[in-house]
Amino acid sequence: MDGIVIVDKPAGWTSQDVTAKLRGVFQTRRIGHGGTLDPMATGVLPVFVGRATRGVEFFEHAEKTYETTLRLGLTTDTEDTTGTVLEEKPVCVTFADIEAVLPRFQGEIQQIPPMYSAIKINGQKLVDLARKGKEVERKPRTITIFSLDFLGMTGNDVRLRVHCSKGTYIRTLCKDIGDALGCGGCMAQLRRISAGSYGENEAIPLSALVESDAPEQYLRNVDTLFSQYPAVTLTEKQAQRTRNGNSFSIDLADGTYRAYDSSGEFLMLAKVDSGVMSTVKSFFQV
């Protein structure tokens, strides 16, 4: 079985837990996921099965959209409500206060990764150091918040929608917004509603995949990952050169293409440079 399945990850599961479970469902060890979700998070988790795992590297830079709840007045060591409480403060924040502070966190900004993360410094994961009670200096990283929408407030809970670049920690964003409001804050809930071109309306609950007698019905073709690029059908000779790993002349403008053979099989993500097509990554069956 080969393809991409869009999983609606349940709370309490790590992304690795999901892929481990699906190895049994799809009866293959070749499985990878597109973008880690915290155990407390739910939502869109693209999982690449079989030969489709060759596409994971192209998904690493995909933009994501989340809906999250920021709990004001509460600061924890993990920057979310699963952690140890470090400080509690009274909250005197209005809708206007929130709408005034959010623009500071839009566009290209600097973010310091949390200690409770899988980032490695000198070969050690930050989370492993954090569990030993250690804290090390982390360099700020540049991320992009394309949009940050205020969805409402109930008590001390503020609901936000975040469209962001790769590498964004929503927990840290919640903490930083809480700090900017003067009362502190942490993440109380997180749901990924889109990843790349895949949305929650196409996500399949993990339980449905586990219980299905035909889980392959939920697999999407790997070429859906590259839907932004134009498709081209190769001649038989061009397709053969592709399968042999060779480049060839073609009358197309420079750019990136999805290349297929005459039967419709997706052969490769290709690039054309000065009238020569070559392979970026092959996906044909061998």
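C174 is buried, with a relative accessible area of 1%, where buried denotes under 20% relative accessible area, exposed over 50% and partly exposed the range in between, computed with a 1.4 Å probe on protein chains only. C186 is likewise buried, at a relative accessible area of 0%. A search of the whole structure finds zero disulfides, a disulfide being a pair of cysteine sulfur atoms within 2.5 Å. C174 therefore remains outside any disulfide, and the nearest cysteine sulfur, that of C186, is 7.9 Å away. For C186, in turn, the nearest cysteine sulfur is that of C174, 7.9 Å away.

The structure is a predicted model, in which local features need pLDDT of at least 70 and side-chain atom pairs count only at pLDDT 80 or more, whereas totals for chains, interfaces and linings use all residues. Residues are numbered from 1 along each chain as its sequence is written, and side-chain values use heavy atoms, with hydrogens and water left out.

Secondary structure elements are DSSP runs numbered from the N terminus, helices being H or I runs of at least four residues and strands E runs of at least two. Helix α1 comprises twelve residues (residues 15–26) and, at 1.5 Å a residue, should span 16 Å; the expected span is 1.5 Å times one less than the number of residues. The end C-alpha atoms of α1 are 16 Å apart, in agreement with this expectation. The buried residues of α1 are S15, V18, T19, L22, V25 and F26. These residues cover an arc of only 110 degrees around the axis and therefore lie on the same side of α1, the arc being that of the directions from the helix axis to the C-beta atoms. On the other side of α1, Q16 and G24 are exposed. The buried residues of α1 pack against the strands β1 (3–9), β2 (31–33) and β3 (42–49) and against the helix α6 (206–211), with contact defined as heavy atoms within 4.5 Å. Just after α1, Q27 adopts a positive phi of about 55 degrees.

Charged pairs were examined next. Side chains of opposite charge can pair when their charged atoms come close. A salt bridge is taken as a side-chain nitrogen of Lys or Arg within 4 Å of a carboxyl oxygen of Asp or Glu, and by this rule the count comes to eleven salt bridges. One of them joins D38 to R171, with the closest N and O atoms 3.0 Å apart. This pair links distant parts of the chain, with D38 in the loop between β2 and β3 and R171 in helix α5 (residues 170–180), 133 residues apart. D38 has 22% relative accessibility and so counts as partly exposed, whereas R171, at 5%, counts as buried.

A salt bridge is also formed by K175 and D176, whose closest N and O atoms are 3.8 Å apart. K175 counts as partly exposed at 26% relative accessibility, and D176 is partly exposed with a relative accessible area of 23%. R220 forms a salt bridge with E202, the closest N and O atoms being 2.7 Å apart. The pair of R220 and E202 links distant parts of the chain, 18 residues apart: R220 lies in the loop between α6 and β15 (231–233), and E202 in the loop between β13 (198–199) and β14 (204–205). At 30% relative accessibility, R220 counts as partly exposed. In addition, salt bridges that share partners join D8, R191 and E200 into one network.

Five strands form an open sheet of mixed pairing, in the order β15-β17-β18-β19-β16; two strands pair if DSSP finds at least two bridges between them. The edges are occupied by β15 and β16 (248–249), each with a single partner strand, so one side of each is left without a neighbour in the sheet. Strands β17 (residues 255–260) and β18 (residues 266–273) run antiparallel and are joined by six bridges. G255 stands opposite V272 in β18.

Positive phi angles also occur at non-glycine residues in loops. S274, which is not a glycine, has a positive phi of about 55 degrees and lies in the loop between β18 and β19 (276–282). At 63% relative accessibility, S274 counts as exposed. E79, also not a glycine, has a positive phi of about 70 degrees and lies in the loop between β5 (74–76) and β6 (85–88). E79 is buried, with a relative accessible area of 8%.
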